[in-house]
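Student: I would like a close look at a single part of this protein. Please take me through one strand and its partners, then set another sheet beside it.

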Amino acid sequence: ITLTTSNTAGAAATFAVTASDNVAVTTGPTCGVASGSNFAIGDTIVTCTASDAEGNTATETFTVTVQLADPPTISIPWVSDHTFFVNTGVFSSPIYYPQPTATSSLGIASGPTCTPSSNSAFSVGTTIVSCTATDSHGTVETTTFSVSVLQLPPLTDAECRSISNSSHDEDSVFVCDYPFN
C-alpha cells in the first residue's frame, strides 16, 4: 500500500486481510497494526497472523509506504527582467503580467492568486508580487517576483524644442529639463 500526504504526521491506511485454510481458521487474521491506523512517513511493515483448528499458524507481512508530497509548484511565466518604463511625471502605471500556474501531485485546490494582481497600478519603484497556491490537502506554497517601474529621464532641450514645434493633442504632457531655451 502506498499513500501520499502533505501531513508530516503521516496518513491513515485502511486495508482488509483474510485467511483461508483447508481446515477451519480459528483465530485471526490479526495484524500488529490495525486497519485505519495512522502510519508515519516512510515504510512500515505490517505483520498479520492466523491459526487453524489443527494449531498451525501462518504469518504474512506487507508494507505500508507513506510518502510526503511536495508542496505545490508555482511557475512564473516570465523569464526576463520585469522592468517597465513610464514617462517623467507619471508615478504609476497598470502593469500586465501573465497569470502564473500551479501544479501538485495532490491536485490544486485554489490559486495561484497574486497580490498585487496583473493590470493593477504599480507605483514607480520596485514592487514585490506574492503568489499563493493551495493543494487539495491544504498545503500552501507562496512564491514572489519583483516588478520595477522606472521613470524615463526628462527630455533634452533639443527634444523639447522639437516636440513643442510639432503638432500634439492638448492633453499631452512633456517634462523638459529647465531652463527650456
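Tutor: What follows starts at strand S14, moves along its neighbours, and then turns to the four-strand sheet. Keep in mind that this is a predicted model.

Strand S14 covers residues 140–151. On one side of the account stands strand S13, residues 125–135. S13 and S14 run antiparallel, and 10 bridges join them. One point to find on screen is cysteine 131, which stands opposite threonine 143 in S14.

Now follow the chain from S13 into S14. The two strands form a hairpin, with four residues between them. Glycine 138 sits in the turn, and its phi is positive, at about 95°. Aspartate 135 belongs to strand S13. Is aspartate 135 buried or exposed? Its relative accessibility is 1%, so aspartate 135 counts as buried; the cut-off for buried is under 20%. The side chain of aspartate 135 has a polar contact to look for: one of its polar atoms lies 2.9 Å from the backbone nitrogen of threonine 139.

S14 also pairs with strand S8, residues 83–86. Here the sense is parallel, over four bridges. Valine 86 has glutamine 151 of S14 as its bridge partner. In general, strands of a sheet pair through backbone hydrogen bonds, either parallel or antiparallel. S14 takes part in both kinds: parallel with S8, antiparallel with S13.

Next, look at leucine 150, which is found in S14. Its relative accessible area is 37%, so leucine 150 is partly exposed: the value falls between the 20% and 50% cut-offs. Leucine 150 joins Phe85 and Leu152 in a nonpolar surface patch of about 270 Å².

A brief stop before S13: serine 120 is found in strand S12, residues 120–123. Serine 120 has a relative accessibility of 18%, so it counts as buried, under the 20% cut-off. Its side chain reaches the backbone oxygen of serine 117 at 2.7 Å.

Now the other sheet. Which strands form it, and in what order? Four strands make an open sheet, ordered S1-S6-S5-S3, with mixed pairing. Its edges are strand S1 (2–5) and strand S3 (25–31), each of which pairs on one side only. From one strand to the next, the twist averages 20°.

Inside that order, take S5 and S6. Strand S5 spans residues 42–52 and strand S6 spans residues 57–68. They pair in the antiparallel sense over 10 bridges. Threonine 47 has threonine 61 in S6 as its bridge partner. S5 and S6 form a hairpin too, with four residues between them. In this turn, glycine 55 has a positive phi of about 90°.

S6 also meets edge strand S1. These two run parallel, joined by four bridges. Threonine 4 is paired with glutamine 67 in S6.

Set the two regions side by side. S14 has S13 antiparallel over 10 bridges and S8 parallel over four. S6 has S5 antiparallel over 10 bridges and S1 parallel over four.

Definitions and conventions
Residues are numbered from 1 along each chain as its sequence is written. This is a predicted model: local features need pLDDT of at least 70, side-chain atom pairs count only at pLDDT 80 or more; totals for chains, interfaces and linings use all residues. Side-chain values use heavy atoms; hydrogens and water are left out. Patches are made of residues with over 30% relative accessible area and no salt bridge: like charges are joined within 9 Å, nonpolar side chains (Val, Leu, Ile, Met, Phe, Trp, Tyr) within 5 Å. Accessible areas come from the Shrake-Rupley method with a 1.4 Å probe; for residues, only the protein chains shown count as cover. A salt bridge is a side-chain nitrogen of Lys or Arg within 4 Å of a carboxyl oxygen of Asp or Glu. Buried means under 20% relative accessible area, exposed over 50%, partly exposed in between (1.4 Å probe, protein chains only). Two strands pair if DSSP finds at least two bridges between them. Axes are lines fitted to C-alpha atoms, for helices over the stretch in contact, and angles run from 0 to 180 degrees between N-to-C directions. A polar contact is a pair of N or O atoms within 3.5 Å; within protein, one must be able to donate a hydrogen and the other to accept it, and residues adjacent in sequence count only if both atoms are side-chain atoms.
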